[in-house]
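Let's take a walk through a protein model, piece by piece. Have the sequence and the 3D view ready, and follow along.

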Amino acid sequence: IREQPIFSTRAHVFQIDPNTKKNWVPTSKHAVTVSYFYDSTRNVYRIISLDGSKAIINSTITPNMTFTKTSQKFGQWADSRANTVYGLGFSSEHHLSKFAEKFQEFKEAARIAKEKSHEKMELTSTPSQESAGGDIQSPLTPESINGTDDERAMPEVTQNSEPRAEPTQNALPFTHSSTISKHWEAELATLKGNNAKLTAALLESTANVKQWKQQLAAYQEEAERLHKRVTELECVSSQANAVHTHKTELNQTIQELESTLKKKEEEIEGLKQEIENARELQAQRDSLTQKLQEVEIRNKDLEGQLSDLEQRLEKSQNEQEAFRNNLKTLLEILDGKIFELTELRDNLAKLIECS
C-alpha cells in the first residue's frame, strides 16, 4: 500500500447540488471518517472518505485550493477536477480548526512538492511522465482509513454537527404579492364592466339627444313651411285678420314647441348626470363591499394559518425537546461504554506487557 492515512477525523459529508449550485446535498447519513492520505511515490496529498464501500470524497489537494470556514462547525472547499464543492459538518469548532490547519499544511507541502518537481523537470529537460489521468489510485478498503489512535478514542458526536447550509424546512407558503395582484386584476375587470355599462348608457342618451335634435329640425322645417304658408295666405286671402290670428297662433305653437324641446333637452342632460352619478355610487359601493368581503375572508384564512402554525410550532418544540432528552441519554450511555472500553484496552495492554 503506497498511501497511508496521516490525519483522520469524523464529520458529516455534503456536496453542492449540481443543479442549483446553492443547496447542500448530504452524501452520508451519519458522521464518517475523513482522512488525509499521502502518496509517497507520487508526492501527492489526498482527502478520502468512505461510507461503507463507497468513496464519497476523493479529492487531490492542489496549491490553488482554499478551505473556507463558513460557520463555527462547517467548512468547505472546491475541487475543480471533481467539478464539485465538498462540505464538512463537524461536532465542534476545535475539530473544524484542526482540519483547516492540516488542510493548509498539506496544501503548502503540495506547493513545495510541485515547485521541486518543476525544478527537477527544468534540470533534466525531460517531459513529465505523469498523465492527466494520474488521479486514479489503488483501491482502498474501509480498514485502511479507520483513522489515527487519537481519532478512534474520540466519541462519535452527531449532535449539532449538521451545517448551517441546510435549507429551512418550515418556510411559510405566503404569496402576498400574488394575492394583491389578483385582487387588483379583479377590481380592474369590475371597473371595465361598469365602464362598458356607462358607455352604453351614454350612447343611448346621445342617441336620444340626436333624436330630439332631429325632431327640433323637423319642427323648424314645419315652422318655416308654416311661415311660407302664412305668407301665401296673406297674399291670396283677403281675410287678413283671420290669417294674422292664425299666424299668431302658429307662432305661439312654434314657441311652445321650442320651449318644450329646450325643457326636454335640459331634462335629458339632468337625467344623464343623475345616471352617471348613480352608476358611480353603485360602482363605489360594490367595490367597497367586495373589498370588505375579501378582507374578511383573508383575515379568516390568516387566523387559520396562524393557529395551524402555532400548533405545528408547539408540536415541533415538544419533539425537539424529546429528541434532546434521548440524545442526552444516549450520550451518557456512550460515555460509559467508551470509558469501559478504555479501561479494557488499558488492562489488555498491561497484560500484554506483563506477558
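## Strands, a core and a greasy patch

Let's start at the far end: Leu341 sits in helix α4, which covers residues 240-354. Keep in mind that you're looking at a predicted model. Is Leu341 buried or exposed? Leu341 has a relative accessibility of 56%, and since exposed means over 50%, it counts as exposed. Leu341 also has company: together with Leu344, Leu348 and Leu351 it makes up a nonpolar patch on the surface. Taken together, these four leucines offer about 410 Å² of accessible area.

Now for the strands. Several of them pair up in the antiparallel sense, and here is how four of those pairs look:

| Strand pair | Bridges | Residues standing opposite |
|---|---|---|
| β1 and β3 | eight | Thr9 and Val34 |
| β3 and β4 | six | Tyr38 and Tyr45 |
| β6 and β7 | two | Thr68 and Gln76 |
| β7 and β8 | six | Phe74 and Gly89 |

Notice that β3 shows up in two rows, pairing with β1 and with β4. How many of the eight residues in β3 are buried? Seven of them are, so to speak, tucked away, and β3 is mostly covered.

Next, look at the turns. β3 and β4 form a hairpin with four residues between the strands, and there Asn43 has a positive phi near 55 degrees. Move along to β7 and β8 and you'll find another hairpin, again with four residues in between. In that turn, Asn83 takes a positive phi of about 55 degrees. β6 (residues 68-69) and β7 (residues 74-79) are joined by a hairpin too, through four residues.

Finally, let's peek inside. The largest nonpolar core contains 23 residues, and those with the most contacts within it are Tyr36, Ile47, Ile57, Trp77, Leu88 and Phe99. Who supplies this core? At least two residues each come from β1, β3, β4, β5, β8 and α1. The largest share belongs to α1, with six residues.

Ile57 is a nice one to click on. Which residues does Ile57 touch, leaving out those up to four places away in sequence? The list runs Val13, Ile47, Ile48, Ser49, Trp77, Tyr86 and Leu88. Among these, Ile47, Trp77 and Leu88 are also named with Ile57 as having the most contacts inside the core.

Conventions. Residues numbered from 1 in each chain as written. Predicted model: local features only at pLDDT ≥ 70, side-chain atom pairs only at ≥ 80, totals over all residues. Heavy atoms only, no water. Core = buried A, V, L, I, M, F, W, Y, C linked by side-chain atoms within 4.5 Å. Buried < 20%, exposed > 50% of the residue type's maximum accessible area, 1.4 Å probe, protein only. Contact = heavy atoms within 4.5 Å. Patch = residues over 30% accessible without salt bridge, like charges linked within 9 Å, V, L, I, M, F, W, Y side chains within 5 Å. Areas by Shrake-Rupley, 256 points an atom, 1.4 Å probe, with all protein chains shown as cover. Salt bridge = Lys/Arg side-chain N within 4 Å of Asp/Glu carboxyl O. Pairing = 2+ DSSP bridges.
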